[in-house]
Amino acid sequence: MIKQFLMNLLLSFIWVALTGSMYYTNFVFGFMLGFGILWIMNRNDGDRSYFYKVPRIISFVFYFIWEMIKANVQVAYDVMTPRYFMRPGIIRFPLNAKTDTEINLLSTMISLTPGTLIIDISEDKRTMYIHVMYLDNPEKFVHEMKTGLERRLLEAIR
């Protein structure tokens, strides 16, 4: 997988050099073009995990940016209006993430989102305790985190 990623980067740099245009959009286009070329060349190859992970990672990045925008708007609206809409609470969140890296990435993503903060992780690493600023329904929050952020993150990194 690393070999394919490095080859994809090399192809995108070659594209930038051939076009003579040092713009971000040109590099992204070269990356997508290189991804397509590598995908066509490796159809019969046994290691195809790279071609499944890259779209999942891109999808996760866009999903996380969207969630950040929604949370920022919610917190900004609450700060700017005279009435507070906060309903703080602490949630016990069962983890599907198993390794330290997965737990660390998930807790970082949760903490980066405004309105949420990681309080603690249990000793057996099966439960995470999250402080939520806007908690209407605890079961709904856990379900949305399980099917949203945690599932997408684990699909992208596993």
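**Figure 1. The sheet in this predicted model is open and has 3 strands.** The strands are arranged in the order β1-β3-β2, and their pairing is antiparallel. β1 (89-94) and β2 (116-121) are the edge strands, each pairing on one side only. On average, neighbouring strands of the sheet are turned by 30 degrees against each other, direction ignored. Between β1 and β3 (residues 127-132), the antiparallel pairing runs over 6 bridges. Within this part of the sheet, Pro94 is opposite Thr127 of β3.

**Figure 2. Helices α4 and α5 are shown with the sheet.** Helix α4, made of residues 100-112, packs on the sheet and touches β1, β2 and β3. The direction of α4 makes about 145 degrees with that of β2. Helix α5, made of residues 138-157, lies across β1, β2 and β3. The direction of α5 is at about 50 degrees to β1.

**Figure 3. Helix α2 covers residues 24-41.** Does the span of this helix agree or disagree with 1.5 Å a residue? The 18 residues of α2 should span 26 Å at that rise, and the end C-alpha atoms are 26 Å apart, so the two values agree. The expected value is 1.5 Å times one less than the number of residues. Which residues of α2 are buried? They are Asn26, Gly30, Phe31, Gly34, Phe35 and Leu38. The cover over these buried residues includes α1 (2-19) and α3 (49-80).

**Figure 4. Aromatic rings form 9 pairs in the model.** The ring centres of Tyr50 and Phe51 lie 5.4 Å apart. Their planes are at 80 degrees, and planes over 60 degrees apart count as edge-to-face, so this pair is edge-to-face. Tyr50 and Phe51 are both buried. The rings of Tyr77 and Phe85 have centres 5.7 Å apart. Their planes are at 20 degrees, which is under 30, so this pair is stacked. Phe85 has 32% relative accessibility and therefore counts as partly exposed. Ring pairs also link Phe5, Phe31, Phe35, Tyr50 and Phe51 into a cluster. Of these, Phe31 and Phe35 are among the buried residues of α2.

**Figure 5. Charged side chains lie over the rings of Phe93 and Tyr63.** Lys146 is over the face of Phe93, 4.9 Å from the ring centre. Arg152 has its charged end over the ring of Tyr63, at 4.2 Å from the centre of that ring.

**Figure 6. Lys125 has a positive phi.** Where is Lys125? This residue lies in the loop between β2 and β3. Its phi is near 60 degrees, and Lys125 is a residue other than glycine. Most residues other than glycine have a negative phi. Lys125 has a relative accessibility of 35%, so this residue counts as partly exposed.

**Figure 7. Asn42 lies in the loop between α2 and α3.** Is Asn42 buried or exposed? Its relative accessible area is 14%, and buried means under 20%, so Asn42 is buried. With neighbours within four places in sequence left aside, Asn42 is in contact with Gln4, Arg48 and Phe51. One of these, Phe51, is part of the ring cluster in Figure 4.

Technical notes. Residues numbered from 1 in each chain as written. Predicted model: local features only at pLDDT ≥ 70, side-chain atom pairs only at ≥ 80, totals over all residues. Heavy atoms only, no water. Pairing = 2+ DSSP bridges. Helix = DSSP H or I, 4+ residues; strand = E, 2+ residues; numbered from the N terminus. Axes fitted to C-alpha atoms, helices over the stretch in contact; angles between N-to-C directions. Contact = heavy atoms within 4.5 Å. Buried < 20%, exposed > 50% of the residue type's maximum accessible area, 1.4 Å probe, protein only. Phe/Tyr/Trp six-rings, centres within 6.5 Å; stacked < 30°, edge-to-face > 60°. Lys NZ or Arg CZ within 6 Å of the ring centre and 35° of its normal.
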